[in-house]
Amino acid sequence: MPGSTGEPERTAIGLYLSGSNLSEFANYLVSCYGMGLFILHNFFKAVSAKLCKKKKIDSYTSFCYVIAVLNKLFGLFSKDIGIDLGTANTLVYVRGKGIVINEPSIVAINNKTGTILAIGEEARKMVGRTPGYIVVVRPLVAGVVSDFEVTEQMLKYFIDKVHQESFSLLPRPRVVIGVPSGVTEVEKRAVEDAAYNAGAREVYLIEEPMAAAVGARLPVQEAAANVIIDIGGGSTEVAVISMGGVVASRSLRIAGNKFNEDIIRYLREERNLLIGEATAESVKIRLGSAYPLGEELSGEIRGRDLVTGLPREIVITSEEIRRAISRSVRSILTEIKATIEETPPELIADLLSRSVYLSGGGSLLRGMDEIISHEIKLPVKIVDDPLTSVARGCGFVLEHIDKLKEVLLVTSKEAYL
Ligand SMILES: Nc1ncnc2c1ncn2[C@@H]1O[C@H](COP(=O)(O)OP(=O)(O)OP(=O)(O)O)[C@@H](O)[C@H]1O
Ligand SMILES: [Mg+2]
């Protein structure tokens, strides 16, 4: 019976067996399920003892059995969540509700007091407008935790926000989090620990391209190639998925944010105009393209003239923006080709009859699908709602965890057990 859920052994029992004494184990239950439910735990402990006697099974098996029932019971009430912890945006999917939080991964900190002033949308509004002692930070770089404490605070804020309107004894959530493919054990551990410290009861990790593919409802469990390219803010992930696993993948730290940096550098060097990050982002969305447009665009842009030091407005064209970001786009194309070259021949053959899928905010850049298709000579499609596909994928896995467990990464707890 305990083996049928697989969950208790990985958590409570794992803790129990790894040397903690009974009181630590009880603490664990209290912290997970709330004080009121501790009474229930005692009740189950008594049941477990009875089971031991009646069925003549050892105490470990009866404990597993009871915990399996307990976890299933609490699972019915907990607000399990899927999180896309992105470099640019954090999205939270709540089981049975859909996406409830979609905010920038930005935190404003008061350096004098060390306190957090704002998180998410509120912090974004402060970018570039704060006095010296307030810093606005992005705790993730290329999808990887670069500031552990701030990431933890940010996760805690979002998890609490989901639980805000709930009954306080509600069990803490099980959480599925997307991480870039090819993250190191240390990086995985950092995300897991941040989520546990932020209040998760169970943490499962999934590679972002896998989550994006599941979110787009690609048949990831079939023995056939599913190619997904996730172009986010901090990283581009290219993955070939078959039979619930990643067969070939590459990840590079060039994506939407790098395009913004390219635009800032181009304007500074070629047009003597200094602009900030927010302006670069809006120019990219207004005029940016990866492939020549049927009708090229142009528009005004305001910044500081580097010669006079005064404000100036210039007109810029989509061709210029394309030139500014062309090197970065080329790097992405090279990586996509390299991943396809690494794909086993049997799977390569499948690609001729299937599309390559694009997800992430970077896929919304005009002509991105066209230039990729032109380069790899295969049809390319943008998934529906590409900015939310990873979060929707995390949520879908959460809702079908028994069937989709194989698409998850091995977490440090499982490796330990
Ligand atoms: N219409 C658009 N045109 C071009 N770029 C866009 C558009 N909309 C959003 N983006 C870009 O998409 C990026 C954010 O995408 P997304 O939310 O998928 O990234 P993320 O998941 O936070 O980052 P990562 O996956 O790298 O950790 C930003 O760089 C943003 O500028
Ligand atoms: Mg992403």
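Q: What makes the group β14-β15-β16 an open sheet, and where are its edges?
A: In this predicted model, three strands stand in the order β14-β15-β16 and pair in the antiparallel sense. β14 (273-274) and β16 (311-317) each have a single partner strand, so one side of each has no neighbour in the sheet. These two strands are therefore the edges.

Q: How do you know that β14 and β15 count as paired?
A: Pairing requires at least two bridges between two strands. β14 and strand β15 (residues 298-305) have two bridges, in the antiparallel sense. The requirement is met, so they count as a pair. In β15, Arg 304 is the bridge partner of Leu 274.

Q: Which helices lie across β15 and β16, and at what angles do they run?
A: Helix α12 lies across both strands and runs at about 165° to β15. Helix α13 also lies across β15 and β16, running at about 90° to β16.

Q: What makes the order β5-β4-β6 an open sheet?
A: The three strands pair in the antiparallel sense in that order. At the edges stand β5 (115-119) and β6 (134-137), each with a single partner strand, so each has one side left without a neighbour in the sheet. On average, neighbouring strands here are turned by 25° against each other, direction ignored.

Q: How do you know that β4 and β6 pair?
A: Strand β4 (residues 107-110) and β6 share four bridges in the antiparallel sense. The cut-off is at least two bridges, so the two strands count as paired. Within β6, Val 136 is the bridge partner of Ala 108.

Q: Why is strand β10 described as largely enclosed?
A: Six of the six residues of β10 (residues 202-207) are buried, so the rest of the structure largely encloses this strand.

Q: What shows that both faces of β10 are covered?
A: In a regular strand the side chains alternate between the two faces of the sheet. On one side of β10 are Glu 202, Tyr 204 and Ile 206, on the other Val 203, Leu 205 and Glu 207, and all of these are buried.

Q: In which sense do β9 and β10 pair, and over how many bridges?
A: Strand β9 (residues 174-179) and β10 pair in the parallel sense over six bridges. Val 175 has Val 203 of β10 as its bridge partner.

Q: Which residues touch the most other members of the largest nonpolar core?
A: They are Ile 177, Met 210 and Cys 394, in a core of 94 residues. Helix α13 (residues 318-342) gives the largest share of this core, seven residues.

Q: Which residues does Ile 177 touch, leaving out those up to four places away in sequence?
A: Ile 177 touches Ile 83, Leu 85, Val 191, Ala 195, Val 203, Leu 205 and Cys 394.

Q: Why is Ala 142 called buried?
A: A residue is buried if 20 or more other C-beta atoms lie within 10 Å of its own. Ala 142 has 20 C-beta neighbours inside 10 Å, so it counts as buried. Ala 142 lies in the loop between β7 (140-141) and β8 (144-145).

Q: Why is Gly 96 called exposed?
A: The limit for an exposed residue is 12 or fewer. Gly 96 has 10 other C-beta atoms within 10 Å, so it is exposed. Gly 96 is placed in the loop between β2 (89-94) and β3 (98-104). The C-alpha atoms of Gly 96 and Gly 395 are separated by 8.8 Å, with their positions 299 residues apart along the chain.

Q: Why is Arg 217 called partly exposed?
A: Arg 217 has 13 C-beta neighbours inside 10 Å. Exposed needs 12 or fewer and buried needs 20 or more, so Arg 217 counts as partly exposed. Arg 217 is in the loop between α10 (208-215) and β11 (226-231).

Q: What is notable about phi in Arg 217 and Ala 142?
A: Most residues other than glycine have a negative phi. Arg 217, not a glycine, has a positive phi of about 60°. For Ala 142 phi is near 50°, also a positive value in a residue other than glycine.

Q: What surrounds ligand 1?
A: The shell has 23 residues, and the closest are Gly 86, Ala 88, Gly 232, Gly 256 and Gly 361. The elements giving two or more residues are α11 (256-271) and α12 (277-287). The largest share, three residues, comes from α12. By class, the shell has six nonpolar, 14 polar and three charged residues.

Conventions:
Residues numbered from 1 in each chain as written. Chains lettered and ligands numbered in written order. Predicted model: local features only at pLDDT ≥ 70, side-chain atom pairs only at ≥ 80, totals over all residues. Core = buried A, V, L, I, M, F, W, Y, C linked by C-beta atoms within 7 Å. Contact = placed C-beta atoms within 7 Å. Near = placed C-beta within 6 Å. Nonpolar A, V, L, I, M, F, W, Y, C, P; charged D, E, K, R; others polar. Axes fitted to C-alpha atoms, helices over the stretch in contact; angles between N-to-C directions.
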